[in-house]
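The following paragraphs go through a protein model region by region. Please keep the sequence and the coordinates at hand while reading.

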Amino acid sequence: MAAMKSYSVGLRESALQFPRHNCANKYKRSGKWRPPQAAVIPNFHLPMRSFEVKNRTSAEDIRSLRLITAIKTPYLPDGRFDLEAYDALVNMQIVNGAEGVIVGGTTGEGQLMSWDEHIMLIGHTVNCFGTSVKVIGNTGSNSTREAIHATEQGFAVGMHAALHINPYYGKTSVEGMVSHFDSVLPMGPTIIYNVPGRTGQDIPPRVIHTIAQSSNLAGVKECVGNDRVEQYTDKGIVVWSGNDDECHDARWNHGATGVISVASNLVPGLMRKLMFEGKNTELNSKLLPLIDWLFQEPNPIALNTALAQLGVVRPVFRLPYVPLPLAKRVEFVNLVKKIGRENFVGEKDVQVLDDDDFILIGRY
């Protein structure tokens with residue numbers, strides 16, 4: 001106890017010995033105030049990555065994929081993930097010829113997930129299906145720090161590639177976009193996602209041409225239109241159409257490798273046929289009414305409604321998403337009958353759900 005008291009006194013005494021400066025007098029003597037110089041700190045961040053061969057996929061492997069499904073995330077009545085329904089959905093994709101899945105994208109409602117949920121679902125998908133389908137984790141963010149951290153974790157749990165969007169809402173400059181993407185590209189195969197309708201900012205071609213110098217750039221998911229698609233494919237850059245209604249023409253007329261699709265959640269076999277079996281304007285025309293129906297409200301509202309009515313997921317919505325109104329639900333049932341129930345996922349009869357059948361979850 002005496003030792004502690006002595007130590008305390010010593011601290012007080014040493015504190016009294018610190019020189020005291022009169023700042024006002026100092027500035028008065030110098031005659032001119034000088035701002036402090038900013039410290040320039042080099043970027044010591046090294047990518048947290050592994051080159052072990054398990055689950056390793058090259059960017060070239062990703063570039064060959066023609067049908068990638070932006071997979072839906074289903075929920076239990078309390079709002080947690082329904083992994084049994086999710087596994088069934090992924091299995092249906094594999095059986096019907098999808099070559100890759102986007103996990104936790106906009107369609108999969110990554111924007112409504114915690115990062116713990118997000119990375120867990122990526123890891124679960126890799127563990128269960130990583131030998132049968134390419135798992136592409138949406139680890140993008142408008143925060144470069146978050147994008148780096150999530151991408152490190154995603155590759156650590158085995159995802160084959162990352163999907164990255166440009167910083168949204170708090171938008172940045174062209175130079176900022178390049179720096180943002182350069183921060184994540186060293187970690188592994190990467191698809192850049194351009195969807196100005198959601199981000200409020202287009203990724204201009206000069207950004208893509210600049211980052212294309214990285215061997216890890218697998219390609220671009222492009223939603224601006226087929227003129228932009230062709231602008232890239234003419235330069236040898238791989239592109240997937242991000243628009244189901246344009247993907248047939250993108251694939252066969254504008255050089256796109258394939259599509260990252262929402263509609264393939266519902267009709268994976270038909271979407272595979274559209275991407276693999278040559279021009280088929282008849283099939284494309286047959287699918288367009290369904291695709292139009294899917295995007296009458298912001299995605300994934302219609303998709304969630306459709307999968308519930310097909311009986312392959314529970315009718316549970318995480319807010320702020322809510323089901324389509326009754327008239328639109330009836331319209332979907334008629335579309336299924338016209339296209340053929342056998343072409344859709346699941347085995348139950350399609351039905352019109354009542355408003356009371358849906359569960360809306362705000363806290364989960």
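A polar contact links the side chain of Gln296 to the side chain of Lys328, at 3.2 Å. This distance comes from a predicted model. Gln296 sits in the loop that connects α13 (281-294) and α14 (301-309). With residues up to four places away in sequence left out, Gln296 touches Leu324 and Lys328. Gln296 and Leu324 are separated by 28 residues in sequence, while their C-alpha atoms are 9.5 Å apart in space. Is Gln296 buried or exposed? Its relative accessible area is 29%, so Gln296 counts as partly exposed, because that class lies between the 20% limit for buried and the 50% limit for exposed.

Leu324 also appears among the contacts of a second residue, Thr305, which belongs to helix α14. Apart from neighbours within four places in sequence, Thr305 is in contact with Phe317, Pro323, Leu324, Arg329 and Phe358. The relative accessible area of Thr305 is 0%, and therefore Thr305 is buried. A polar atom of the Thr305 side chain lies 2.9 Å from the backbone oxygen of Ile301.

The next element is helix α12, residues 268-276. Its buried residues are Pro268, Leu270, Met271, Leu274 and Met275. Why do they lie on the same side of α12? They do so because they cover an arc of only 165 degrees around the axis. The elements that the buried residues of α12 pack against are β1 (67-70), α4 (83-95), α11 (247-253), β8 (258-261), α13 and α15 (326-339). Just after α12 comes Gly278, which has a positive phi of about 85 degrees.

Helix α4 is also one of the packing partners of the buried residues of helix α5. Helix α5 covers residues 115-129, 15 residues in number. From its first C-alpha to its last, α5 reaches 21 Å, close to the 21 Å expected at 1.5 Å a residue. The buried residues of α5 are Glu117, His118, Ile119, Leu121, Ile122, Gly123, His124, Thr125, Val126 and Phe129. Besides α4, they pack against β2 (100-103), β3, α6 and β9 (316-318).

Strand β3, residues 134-138, leads on to strand β4. The two strands run parallel and are joined by 3 bridges. Ile136 is the residue that stands opposite Ala161 in β4. Between β3 and β4 the chain passes through helix α6 (residues 144-156), and this β-α-β crossover is right-handed.

How many residues of strand β4 are buried? In this strand, residues 161-165, 5 of 5 are buried. In a regular strand, side chains alternate between the two faces of the sheet. In β4, Ala161, Leu163 and Ile165 point one way, and Ala162 and His164 point the other way. Residues of both sets are buried.

Strand β4 is also joined to strand β5 (residues 190-194), by 4 bridges, and these two strands run parallel. Here Ala162 has Thr190 of β5 as its bridge partner. To get from β4 to β5 the chain crosses through helix α7 (residues 174-184), and this β-α-β crossover is right-handed. Strand β4 thus has bridges to β3 and to β5.

Technical notes
Residues are numbered from 1 along each chain as its sequence is written. This is a predicted model: local features need pLDDT of at least 70, side-chain atom pairs count only at pLDDT 80 or more; totals for chains, interfaces and linings use all residues. Side-chain values use heavy atoms; hydrogens and water are left out. Buried means under 20% relative accessible area, exposed over 50%, partly exposed in between (1.4 Å probe, protein chains only). Two strands pair if DSSP finds at least two bridges between them. A crossover is right-handed if, with the strands pointing away from the viewer, the path from the first strand over the helix to the second runs clockwise. Contact means heavy atoms within 4.5 Å. A polar contact is a pair of N or O atoms within 3.5 Å; within protein, one must be able to donate a hydrogen and the other to accept it, and residues adjacent in sequence count only if both atoms are side-chain atoms. The arc is that of the directions from the helix axis to the C-beta atoms. The expected span of a helix is 1.5 Å times one less than its number of residues.
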